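Visitor: I would like to go through the empty spaces in this model. Please show me the structure.
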Amino acid sequence: MTVRQTYMDGKRFFSGLSENVWLMFLPALIILVLVTLPPFFYTIYLSVHDIDITKPYLGRNFIGLKNFATIFSDHRAIGSFTNTAILIGGMVVVEFVLGLLLALVIDSFFKKATWLVTLIIIPMTFPRVVIGLVWRIMLNPIVGVVNYLLQPVGGGPVDWLARPTWAMFSIIMVDVWQWTPFMLLMILAGLQSLPKEPFDASRVDGAGDFHVFRFITLPLLQPIIVVAIVFRLIDALRTFDIVYILTRGGPGTSTETVDIFAYYMGISEAGRISYAASVSLIVLYVTIILITLFLRFSRQWREELY
Amino acid sequence: MRRIMGLVVLVVFAVTSLVYAQGMPYKGVRITVALRSLPETDFIVSKLAEFKMMTGINVQIVTYPEQQLREREVIDVSTGAGAYDVLAIDSVFIPEFAKAGWITPLEPYLDPEYNVEDISAFVRGLLSYEGKIYAGPVYSEATQLMYRKDLFEEAGLAPPQTMEEYEEYAKKFTRPPDLFGVAMRGLRGNGMNIYIWSEWLWSYGGKYFDENWNPVFNSPEGVLATENYAKLLQNYGPPGVATYGWDDVQNAFTSGKVAMIIDATNFYTRIEDPTKSAIAGKIGYAVVPAGPAGRFPGNYSLGFAISAVGAKTEAERGAAAEFIKWATSQDIELGKALQANIISVTRDSVFNDPAFQAKFGGDWLTSTVESFKITDPGYRPLIEEWREIGDRLGIAVENVIAGIQPVQEALNEAALYAAEVLMRTGKLKK
């Protein structure tokens with residue numbers, strides 16, 4: 001009801017103005033195009049050449065799609081894609097489940113406690129670099145507070161960042177600590193904007209808690225959930241800072257994500273900017289495909305829910 | 001119009017010759033220096049007013065964090081932007097920058113007053129490419145052994161002289177979780193684990209390349225060296241040591257939980273500071289232990305070089321050279337040490353200065369002077385491909401320490417990659 005009204009208001013707002021309303025958008029549009037498209041095309045240009053920025057004397061040779069072929073035979077590159085998938089998958093799933101549960105708890109029992117929400121979202125407000133540094137110290141096996149606290153519970157000194165599996169776990173844990181509040185906030189906002197009537201009606205019909213959740217809350221919440229997950233997915237693809245500060249992709253290359261790999265190849269470790277450009281382009285394509293699939297899937301899911 | 005132009009030229013000429021007459025050939029020239037904030041560079045920046053009084057050159061400083069400095073500089077010079085006239089460069093990247101034509105040799109600008117011979121020999125080697133000096137040193141270090149004097153005295157031991165003793169003592173002092181025998185860099189990187197690991201490579205008789213540029217660090221000697229390095233850290237190092245950077249090594253040592261470390265000579269300032277270190281006053285210093293092939297302390301230097309991309313005119317290059325000569329002069333060097341307690345000495349005259357000796361005497365000084373004397377500038381190969389090769393090797397070594405990959409396989413992979421890189425640049429024939 002409310003949504004439709006706003007939409008109608010919007011229509012009236014525009015029809016009230018002259019046809020030249022597009023002119024008002026034009027400057028912003030031009031700037032957007034200028035800022036985003038040239039780098040994009042330049043990336044494509046780079047990706048089909050063999051350019052090493054630290055070795056200008058080697059020249060700029062056109063090599064077609066060879067960079068892309070190299071990626072698929074480079075097991076460090078493949079590994080970085082796998083690591084990214086594990087990391088993002090782990091982060092988003094855990095954050096979603098925790099966020100949903102916490103949102104439901106707060107919505108049911110602490111509705112009036114706005115201070116609680118403020119408290120919970122504090123981690124989100126810190127710069128990731130700071131969080132990475134603080135956690136790095138806390139996870140230090142000999143001087144860190146985490147192992148110290150685990151001692152009485154019988155946990156031996158855990159090598160949080162220097163064992164491949166633990167390192168991956170630690171990164172996911174830190175990200176979950178920081179970004180679960182985001183999921184919580186989105187879902188809580190969704191929950192609190194839901195209309196009351198369907199809930200009252202279902203209670204009258206004698207529905208239990210689970211049934212209310214499954215057949216009323218979830219379907220109504222679905223659009224919010226989809227948006228929250230898409231936001232988180234896109235943002236999670238850029239978790240560069242935390243990974244870089246906690247492990248720099250190590251031990252070895254066991255937590256090296258695609259963006260860290262591209263950064264190492266293109267500028268930090270080698271100067272193979274062309275190879276890095278190809279890797280980033282693949283990330284871009286994969287992201288677009290994944291998001292499209294996810295949105296299609298979520299539409300299907302919505303129909304199933306009703 | 002032409003007449004006015006002529007007049008302007010005449011006036012400018014007259015003014016500049018006047019300035020020349022006063023001995024300020026670069027008065028009014030503006031230069032920009034890219035550097036990273038270190039006690040060394042902070043000291044130089046604090047004295048800039050004096051430099052301006054002397055030369056009339058306006059110096060603008062742009063500061064970046066350690067990680068970003070090199071990238072900013074590479075982006076600046078590779079795109080031709082040229083925002084900086086003077087670049088602060090790690091010694092290992094001098095060949096890369098020189099080969100690409102991004103920096104100008106400093107040699108033509110040096111005068112007898114600068115006394116280049118006074119700069120420690122290995123530092124001169126580090127800052128040269130193909131026989132020419134490209135940079136003036138701001139900071140220098142070697143690696144040395146630092147050990148807990150109190151623990152050694154208690155056990156009746158002298159500092160280890162050989163790799164065998166080093167391992168033996170490491171074992172002796174390992175009593176987890178309170179004390180670990182050693183801590184050294186495990187974190188990947190040409191300036192991280194490879195900086196210390198190279199000592200093992202050389203000590204056990206290995207080397208980086210043969211005479212035809214074939215990578216040979218995966219030879220039996222290299223494998224043995226890596227095995228021993230990894231074993232030390234795995235068995236006698238604190239948990240997590242596989243990802244230790246220099247700061248972690250320092251923190252572990254100052255927390256009092258480690259008996260011996262091998263790292264930079266300039267750790268002295270921090271580990272002897274009672275406000276930051278639980279072991280201040282209890283530390284002994286010695287030259288690194290010897291392997292079958294001898295003692296091989298590592299080395300590193302940070303230098304100021306003239307950007308060939310940024311300093312486009314002769315006046316800018318001249319002004320940049322003036323700045324470098326002043327910032328790395330004997331006076332500034334001694335001032336750094338005596339006024340600001342900075343001990344990353346780059347000149348022999350500072351070591352020989354009585355005031356300096358009175359202030360920093362003891363085994364730190366003897367060990368540092370000896371390490372500076374015997375260290376070889378080729379400790380890490382001075383080639384333009386170094387960064388790529390060293391970083392890939394760093395992954396291999398970290399993999400071994402973390403137990404992810406067996407030694408031979410890890411080194412073979414790195415050697416294969418190194419060969420590929422050298423083939424791309426044409427050093428290694430296909």
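Visitor: Which helices of chain A each supply at least two residues of the lining of the largest cavity?
Guide: H4 and helix H12 (240–246) do. Helices here are DSSP runs (H or I, at least four residues; strands are E, at least two), numbered from the N terminus. H4(A) gives the largest share, 4 residues. This is a predicted model: local features need pLDDT of at least 70, side-chain atom pairs count only at pLDDT 80 or more, and totals for chains, interfaces and linings use all residues. Residues are numbered from 1 along each chain as its sequence is written, chains are lettered from A and ligands numbered from 1 in the order written, and side-chain values use heavy atoms, without hydrogens and water.

Visitor: What makes a space a cavity and not a pocket?
Guide: On a 1 Å grid over the protein atoms alone, a 1.4 Å probe fits in a cavity but cannot get out; a pocket is an open set with protein on both sides within 12 Å along at least five of seven lines. Lining residues have an atom within 4 Å of a point. Points join across faces, edges and corners, and volume is the space filled by probe spheres set on them. By this rule there are 3 cavities of 30 Å³ or more. The largest has about 60 Å³.

Visitor: Why is Asp259(A) called a lining residue of the largest cavity?
Guide: Asp259(A) is listed in that lining, so it has an atom within 4 Å of a cavity point.
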